[in-house]
Amino acid sequence: MGKRFTKLMVTLGAGLFTLFALSTSASACVFGYYQPEEPKALREE
Amino acid sequence: MFLIERVSKALAYGISSTLNMDKEREEIIAYGAFAFIQTVWSILLVITFGIIFNVLVQALVISLSISLLRKYSGGAHSSSPNRCALIGAVISTLLGILVNTAVSFMDFYQIALAGIISFALSYFIVSKLAPVDSAAKPIKKAETRRRLKRKSLCMLNLLFLAAAVLNALYYIYDIQIVLACALCIYIGVIWQAFTLTKTGHLMLGAIDELFRKAFLFMGREKNGKKIY
């Protein structure tokens with residue numbers, strides 16, 4: 001039960017962070033005044 | 001490496017090893033975690049400063065207007081995530097205080113005129129300069145540039161509509177905070193448009209340098225490197 005709950009939370013976290021990464025990648029910059037380097041997989045060549 | 005970067009990388013490592021993901025996916029999750037933590041941290045700082053200086057609603061509306069437009073138009077950047085959050089919170093709070101002072105001596109028509117001027121200038125600057133990219137996230141494709149410019153102008157339209165609704169609500173119900181929120185949108189929009197210009201870049205660079213020196217003075221950085 002505990003393990004399944006942990007895995008569910010980790011999966012939800014992965015989904016949320018991926019969504020944030022894709023949303024940030026599709027825009028010009030992040031929320032604030034600092035822009036971290038974009039990962040290669042999301043960079044447009 | 002900055003604290004937020006370390007935390008987001010640790011989170012991504014934990015998630016990817018639990019779910020057996022590859023390195024590429026881990027990098028994407030770390031990037032998303034960074035964006036998430038940075039957003040939450042920035043909002044929390046705006047709320048804290050807003051409560052301290054009694055301009056919570058104003059600071060939040062200004063910060064939201066700036067961020068919504070900034071997402072597509074880009075603009076000047078700070079060189080550290082902590083300074084970035086702090087600069088954002090300080091600017092939103094200072095502009096919130098300015099709005100509070102302005103609504104006490106400006107009438108409805110003067111504020112509406114300020115709104116027209118602010119949006120006219122912003123439309124001009126955004127249509128000329130947006131999107132403004134950065135070294136960390138260059139925008140190379142012409143199609144992406146066109147798409148971001150289109151979205152920046154759409155966002156300006158949305159903010160204009162929101163301000164118009166707030167003006168109408170004030171006209172009907174005569175609630176002061178509603179008029180202050182409309183003025184917050186005007187100020188947020190013009191500030192964000194200003195950060196797209198060369199002068200805006202220079203000014204934000206100077207503010208960033210000022211904060212860097214203050215951090216150095218307080219002992220949070222040594223020889224340009226973070227020590228926490």
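**Close-up views of a predicted two-chain model**

**View 1. A salt bridge links Glu38(A) to Lys137(B).** In this predicted model, the side chains of Glu38(A) and Lys137(B) come together as a salt bridge, with 3.2 Å from N to O. Side chains of opposite charge can pair in this way when their charged atoms come close. Across the interface of chain A and chain B the rule finds 1 salt bridge, while the search of the whole structure, taken over all chains, gives 7.

**View 2. The interface joins 32 residues of chain A to 51 residues of chain B.** The area buried between chain A and chain B comes to about 3800 Å², and carbon and sulfur atoms contribute 69% of that area. Between chain A and chain B there are 6 residue pairs in polar contact, with both residues at pLDDT 80 or more. Sorted by class, the side of chain A that touches chain B consists of 17 nonpolar, 9 polar and 6 charged residues.

**View 3. Helices α2 and α3 of chain B pack against each other.** Helix α2(B), residues 23–52, and helix α3(B), residues 56–73, meet at an angle of about 150 degrees, and their axes lie 7 Å apart. The crossing of α2(B) with α3(B) is right-handed. On the α2(B) side the contact is made by Val46(B), Ile47(B), Gly50(B) and Ile51(B), and on the α3(B) side by Leu56(B), Ala59(B), Leu60(B) and Ser63(B). By class, this contact of α2(B) with α3(B) contains 6 nonpolar and 2 polar residues, and no charged residues.

**View 4. Glu26(B) and Lys23(B) form a salt bridge within helix α2 of chain B.** The closest N and O atoms of Glu26(B) and Lys23(B) are 3.6 Å apart. Both residues belong to helix α2 of chain B, where Glu26(B) and Lys23(B) are separated by 3 residues, about one turn of the helix.

**View 5. Two loops of chain B contain backbone features of note, at Asn20(B) and at Pro131(B).** Most residues other than glycine have a negative phi, and most peptide bonds are trans. Asn20(B), although not a glycine, has a positive phi of about 50 degrees, and this residue is placed in the loop between α1 (3–18) and α2 of chain B. The peptide bond that runs from Ala130(B) to Pro131(B) is cis, with omega near -5 degrees; Pro131(B) lies in the loop between α5 (108–129) and α6 (142–173) of chain B.

How values were computed. Residues are numbered from 1 along each chain as its sequence is written. Chains are lettered from A and ligands numbered from 1 in the order in which they are written. This is a predicted model: local features need pLDDT of at least 70, side-chain atom pairs count only at pLDDT 80 or more; totals for chains, interfaces and linings use all residues. Side-chain values use heavy atoms; hydrogens and water are left out. Contact means heavy atoms within 4.5 Å. Buried area is the accessible area (1.4 Å probe) that two parts lose on being put together, summed over both. A salt bridge is a side-chain nitrogen of Lys or Arg within 4 Å of a carboxyl oxygen of Asp or Glu. A polar contact is a pair of N or O atoms within 3.5 Å; within protein, one must be able to donate a hydrogen and the other to accept it, and residues adjacent in sequence count only if both atoms are side-chain atoms. Ala, Val, Leu, Ile, Met, Phe, Trp, Tyr, Cys and Pro count as nonpolar, Asp, Glu, Lys and Arg as charged, and the others, Gly among them, as polar. Axes are lines fitted to C-alpha atoms, for helices over the stretch in contact, and angles run from 0 to 180 degrees between N-to-C directions. Helices (H or I, at least four residues) and strands (E, at least two) are DSSP runs, numbered from the N terminus. A crossing is left-handed if the near helix is turned anticlockwise from the far one by less than a right angle, and right-handed if clockwise.
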